[in-house]
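Could you walk me through a few local features of this model? A short report with one small table would be welcome.

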Amino acid sequence: NRLPVQVWYTLKRARSTPFGDRPLPAGTVQLYQADSSGRVQLIGEAANDHTAPGRDLRVQSGDAFDVTAERVQTDFTQETLPPIRRGLPNRQRVTAAYRVTLTNAKGAPVTVDVREARYGVWKIVESSVPPEKLAATEQRFRVAVPANGEATLTYTVQIES
């Protein structure tokens, strides 16, 4: 199952700098990058929200065409658990394992954030890259992918209901 890999840019806006001390109104941001000969080229546009002074500006400029992700479910089990207290219904525990293969066709290494989002009672019980808890409903894996190469993330999530 192929997944889109979104391209995000974060512009640091430290306080006590002309760029960081000003609020930024919502609008369209143009993104430029120097090419191999040093000429600045327009590489895209992105919409931004109102941004308070001192807050980093984070914008998404679309999906990557040279970095791809494929996610495959490699295992799935479901088991019935006894109720927490007498008189309550049985509980269910689902365990699912995934493999995410990231491919980078760029001539430079990239870091890809793979996110797992679920509601309810769940946890990552095993992973090849340490997860980082972003919120009660979301974990992030930061995966380094070499230039012109690939990297594989494997993880197992357990959900109880």
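Here is a brief tour of a buried site, a surface patch and two loop residues.

A friendly note on conventions: this is a predicted model, where local features need pLDDT of at least 70, side-chain atom pairs count only at pLDDT 80 or more, and totals for chains, interfaces and linings use all residues. Residues are numbered from 1 along each chain as its sequence is written, and side-chain values use heavy atoms, with hydrogens and water left out.

Let's start with Glu116, which sits in strand S8 (residues 110–117); strands are DSSP runs of E, at least two residues, numbered from the N terminus. Glu116 is buried, at 3% relative accessible area (buried is under 20%, exposed over 50%, with a 1.4 Å probe and protein chains only). The side chain of Glu116 makes a polar contact of 3.2 Å with that of Arg71 and another of 2.4 Å with that of Tyr155. Such a contact is a pair of N or O atoms within 3.5 Å, where one must be able to donate a hydrogen and the other to accept it, and residues adjacent in sequence count only if both atoms are side-chain atoms.

Turning to the loops, two residues other than glycine have positive phi values.

| Residue | Phi | Loop between | Relative accessible area |
|---|---|---|---|
| Ser16 | near 65° | strand S2 (6–11) and strand S3 (27–34) | 67%, exposed |
| Asn148 | about 50° | strand S11 (138–145) and strand S12 (149–160) | 58%, exposed |

Definitions and conventions
Helix = DSSP H or I, 4+ residues; strand = E, 2+ residues; numbered from the N terminus.
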